[in-house]
Amino acid sequence: MISLDPVLTPQAAQTTDQFFESGGLLETHCTAEEINFELRPQQQKMARAIADAASFGQHLVVEAGTGVGKSFAYLVPQILTALEHETRCVIATYTITLQEQLIHKDIPFVRKALDRDFKAVMVKGRSNYLCLLRLQRARRSGSDLLEPEREKQLDAISTLANNKQLVDGSLQELDEQPDHQVWGSICAEHGNCTGKRCPFYKECYFMIARQEMMDAQVLVVNHSLFFSELALRAEGAAILPPYGYVVFDEAHQMEQVASGHLGIRLSLYMVEYWINRIHSDKRRGILAVLKDGKGTFMADQVHEAAETFSSPSAITLNSEPPKPSSAYSHRRPSKPTFR
Ligand code: SF4
């Protein structure tokens, strides 16, 4: 657990103790809901340690085995502290299963037991949302951009959107997952978003989700989104609104995810993916639509160069240690731009 804004929270610590003690809010609520209750000294100890760390602005690492009741032990003190100081807390996990358990089960339970009014949302990255403007453009371009099978997927998504059958407009709610290329041509993207000038601005799934995130006090995210946002912040942008506290659950996977986002990675697959988005060898893509001969020539050259670069014979070992990526800069912009 990392506290980013040192504050004193004696009330939150007291309420945390009362929540977990014998005859406290947890036991009372479990009894009322006919849920088995078990007094767990390790859970009490962990919750109090987190409340104290938040109070004194300290970092804390906790290792706790199965059955301790970790999620309640961090949710209760973090939520109480965030509410007391009118800030937000971020809960970052590795798996979607745990995020869903927190959002649909644990947080509603804690909200009811504490009898406190707060909003919690699961934050997804921008590219998880359907962009209605890009969908309209992709459909107009039709077969010039996509092959017939992929065009069918586009039609299916378009029908769902037109019939208002999508709830949050995210990739995760589609029963049939579209091909990467199809989703890549219609998902929300920072560079392609026209913001308030967009004719779909008021009904935009991503903008609605972003507003809900701004109104929430508890943000549940995955490690990947958290570290990609950290890298963005170093460049003066942001995904998340300001927050005061972060809890990392399932932290054993964190190091790998962090290095993936804060380091630099290049693969032939990634280069091919981006080149194919603008020009495929089947003469499809935006360059074919624009009849841009020079652009097509350059795209082919990039493709060839990437293949040569990634071939085993092209790899040489450099005795110089690599320079750190600029994403490691600790410069924190005073006013990040939200993406
Ligand atoms: S506001 Fe941006 S993301 Fe939303 S539909 Fe318009 S262009 Fe797409």
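The ligand in this predicted model is surrounded by 14 residues, and the closest of them are Cys131, Ala188, Cys193, Cys198 and Cys204. By class, this shell consists of 11 nonpolar residues, two polar residues and one charged residue. Two helices, H6 (132-141) and H9 (205-215), each contribute at least two residues to the shell. H6 supplies three residues, the largest share.

From the ligand the description moves to the strands. Strand S4 covers residues 218-222, and five of its five residues are buried. In a regular strand the side chains alternate between the two faces of the sheet. In S4, Val218, Val220 and Asn222 lie on one side, while Leu219 and Val221 lie on the other, and all of these are buried. Both faces of the strand are therefore covered.

S4 has pairing partners in strands S2 and S3. Strand S2 (residues 89-93) runs parallel to S4 and is joined to it by five bridges. Within this pair, Ile91 has Val220 as its bridge partner in S4. Strand S3 (residues 120-122) also runs parallel to S4, with three bridges between them. Here Met122 stands opposite Val220. Val220 thus appears in both pairings, as the partner of Ile91 and as the residue facing Met122.

Val220 also has a place in the largest nonpolar core. This core has 62 residues, and those that touch the most other members are Ile79, Leu130, Ile186, Val218 and Val220. Helix H4 (residues 70-84) gives the most to the core, with nine residues. At least three core residues come from each of two domains, domain 1 (2-119 + 216-261) and domain 2 (127-206).

Helix H7 allows a check on its geometry. The helix has 15 residues, 148-162, and at 1.5 Å a residue it should span 21 Å. Its end C-alpha atoms are 21 Å apart, so the expected span and the distance in the model agree. After H7 comes Lys164, with a positive phi near 55°. The loop between H7 and helix H8 (180-186) contains Asp179. With 14 other C-beta atoms within 10 Å, Asp179 is counted as partly exposed, because a residue is called buried only at 20 or more such atoms and exposed at 12 or fewer. The C-alpha atoms of Asp179 and Gln153 are separated by 7.9 Å, although the two residues are 26 residues apart along the chain.

Some backbone angles remain to be described. Most residues other than glycine have a negative phi, and most peptide bonds are trans. Glu250 is not a glycine, yet its phi is positive, about 50°. Glu250 belongs to the loop between strand S6 (245-248) and helix H11 (254-262). Its surroundings hold 15 other C-beta atoms within 10 Å, so Glu250 is partly exposed.

Lys291 likewise has a positive phi of about 50° and is not a glycine. The loop that holds Lys291 lies between helix H13 (286-290) and helix H14 (293-310). Lys291 has 8 other C-beta atoms within 10 Å and is therefore exposed.

Conventions: Residues are numbered from 1 along each chain as its sequence is written. This is a predicted model: local features need pLDDT of at least 70, side-chain atom pairs count only at pLDDT 80 or more; totals for chains, interfaces and linings use all residues. A residue is near a molecule or strand if its C-beta atom, placed from the backbone, lies within 6 Å of it. Helices (H or I, at least four residues) and strands (E, at least two) are DSSP runs, numbered from the N terminus. Ala, Val, Leu, Ile, Met, Phe, Trp, Tyr, Cys and Pro count as nonpolar, Asp, Glu, Lys and Arg as charged, and the others, Gly among them, as polar. The expected span of a helix is 1.5 Å times one less than its number of residues. Two strands pair if DSSP finds at least two bridges between them. A nonpolar core is a set of buried Ala, Val, Leu, Ile, Met, Phe, Trp, Tyr and Cys residues joined through C-beta atoms within 7 Å. Domain bounds come from an automatic or database domain assignment.
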